[in-house]
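Colleague: I am new to this model and should like to understand how its parts are arranged. May we go through it step by step?

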Amino acid sequence: MSELVRGQNVPLEASTVVFSVAGGTSELDLVGLVVGPDLRTRHSDGVVFYNQPQTAGVRLEGHHIEVDLGTLPPDAIVLCAVSGDAEARLASGLTAELDAVPDESRYSFPLHPLHGETALLCFELYQRSGRWRVRALGQGYQGGLAALLTAHGVEVDDAPDVSPRAPADPVPVAPQTGDGHLPPALVTLGSDYGAAVARAHVVFEDAARSAAGYVQAEGFAMDRLDRELGDLLADPAQRNSPAADRARAAAQQRCDDLVTSARSRFDADSAVLMAELAALDPQLPAAMASWASPAWNRANSPSVGGLRIGELFAPERGDLRLPFCVPTPIARPLWVLDAGDPVLPVVTSLVLRLVVAARVPFPGMRNSSTGGQVLIDVFDLTGSLAPMTEMLMPMLTAPAVTAPESVADRLSVLESSIDLTQMALQAREVDDIDTRVVVIADLPFGWDVAALARLVRIADRGSELGWAFVFAGSLDDSDNDPLVSTIADRTMMIPVTDEARAHDPWVGLPWSVAAERIDPTGTQARQIVATLSSDQPRSGANPNA
């Protein structure tokens, strides 16, 4: 039996699979959900559980669920889950198992309900390029079977409070009009994007592993060719003979055939993945979506999940481009590294996305909270961010700091805001708190040693409150400044250059990185600011705003 880890996926050669859960002492209920590409059921018949033991292709038989892959619709996905009592968490020591028939392959996945989950998604059965695969999931729900079903589009009696997600049939993203105006939203966007975000991470991982498979196949083919040619050259008597020429040609053909076959599979996978990404884009929260997504028509909705900072691509591997997202809240400042290309549109993109991503309740606040205000402070001593500052005017906490002598006063405001917010939290006197996005251009120009030292402390303390910091500038002239080096060491660098590279977190494959950009003087950016500024909540603790 092969043991899978969370997120791992493997191909299935079987026509039928059997799902079960072993271990534990309490009574468990097995659940099968037949869903579409958006992970939502098309109708109530798509659920198999103790009250409805059968649907097309999926059947509950005692303590296991049998899935006949050949009878499922072409775009169907089957989610295999386990649930217990809604009032009692699942016990540790459970193992999800999947037995394949007729090839007799078996897979296990240890379940670790660490946060009081009463229902868990165990496996996902899905198709990629016409072949079935299984993925280990491990996503949990604290409301039992009702919460799990509701999260996937099933209406149940006495359902828990789960906000609606995107509709079952995703609509392709509409293009922008010629003047940059965003068309009306083509999909109904909910405030709980959990399923779409989870699906997006699945697609990102699949793309990375598919690319790695192609790279490994190509490398294997070239290594084999080198070995075979080396063996032919090792015999001086035969290296120039007609037989050696035929052997070299045959070795080259084997190499070309393997590379061509691997590339064909990768291109087919890429086409499917690009279609999935296009369908997912309208369902993602705005901070993770492309600028063409209708999510930006609802930019004032909560946007949990992550922050899109760019795209990953590899021209030598085709047209596939992956959104480069990092989890939110971001625990350290972002530094847009000036490496020759204009940083203004990159900083503007980060600021707008951070503002959207910050519009969520602070951890530990009451459930009914919608989050406080998002306050913006800009330090721009060189004027390089003036177009962005002008665009953000309706949302700025105060006018941008443009003179070195004004830096200390604004830092005092930030320090006071942190102190008052922390005191309010300790006294439990607020329903939620305001967060801040602090933007500093051309750091460290115009900043003396004392100001830089204060900035280090403010960034450390503010990050604990969910504040976001965006620095921009070049480090070339300041490499020897210990305070600047300290700040740089604590940031996530975003180089703005054609040479930027990153490695994906799943297989470590190198990708080129293109940072997200938006023109601060364009119509779309101004419409987003108008949307955000028209609906700022007023319930947070707002000291020194």
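Modeller: Certainly; please note that this is a predicted model. A suitable starting point is an open sheet of five strands with parallel pairing, in the order 18-19-20-17-21.

Colleague: Which are the edge strands of this sheet?

Modeller: An edge strand pairs on one side only. In the order 18-19-20-17-21, the strands that meet this condition are strand 18 (374–379) and strand 21 (492–496).

Colleague: Over how many bridges do strand 19 and strand 20 pair?

Modeller: Strand 19 covers residues 435–440 and strand 20 covers residues 468–473. Val-437 stands opposite Ala-468 in strand 20. The two strands pair in the parallel sense, and the number of bridges is four.

Colleague: Which helix lies across strand 19 and strand 20, and at what angle does it run to strand 20?

Modeller: The helix in question comprises residues 449–464. It is helix 7, and its angle to strand 20 is about 145°.

Colleague: Are helix 6 and helix 7 roughly parallel or roughly antiparallel to each other?

Modeller: Helix 6 (residues 407–427) packs against helix 7 at an angle of about 30°, with the axes 10 Å apart. Angles under 35 degrees count as roughly parallel. The two helices are therefore roughly parallel.

Colleague: How many charged residues has the contact of helix 6 with helix 7?

Modeller: The contact includes Leu-411, Glu-415 and Asp-419 of helix 6, and Arg-454, Ile-458 and Arg-461 of helix 7. By class, it has seven nonpolar and three polar residues, while the charged residues number five.

Definitions and conventions:
Residues are numbered from 1 along each chain as its sequence is written. This is a predicted model: local features need pLDDT of at least 70, side-chain atom pairs count only at pLDDT 80 or more; totals for chains, interfaces and linings use all residues. Side-chain values use heavy atoms; hydrogens and water are left out. Axes are lines fitted to C-alpha atoms, for helices over the stretch in contact, and angles run from 0 to 180 degrees between N-to-C directions. Angles under 35 degrees count as roughly parallel, over 145 as roughly antiparallel, 65 to 115 as roughly perpendicular and the rest as oblique. Contact means heavy atoms within 4.5 Å. Ala, Val, Leu, Ile, Met, Phe, Trp, Tyr, Cys and Pro count as nonpolar, Asp, Glu, Lys and Arg as charged, and the others, Gly among them, as polar. Two strands pair if DSSP finds at least two bridges between them.
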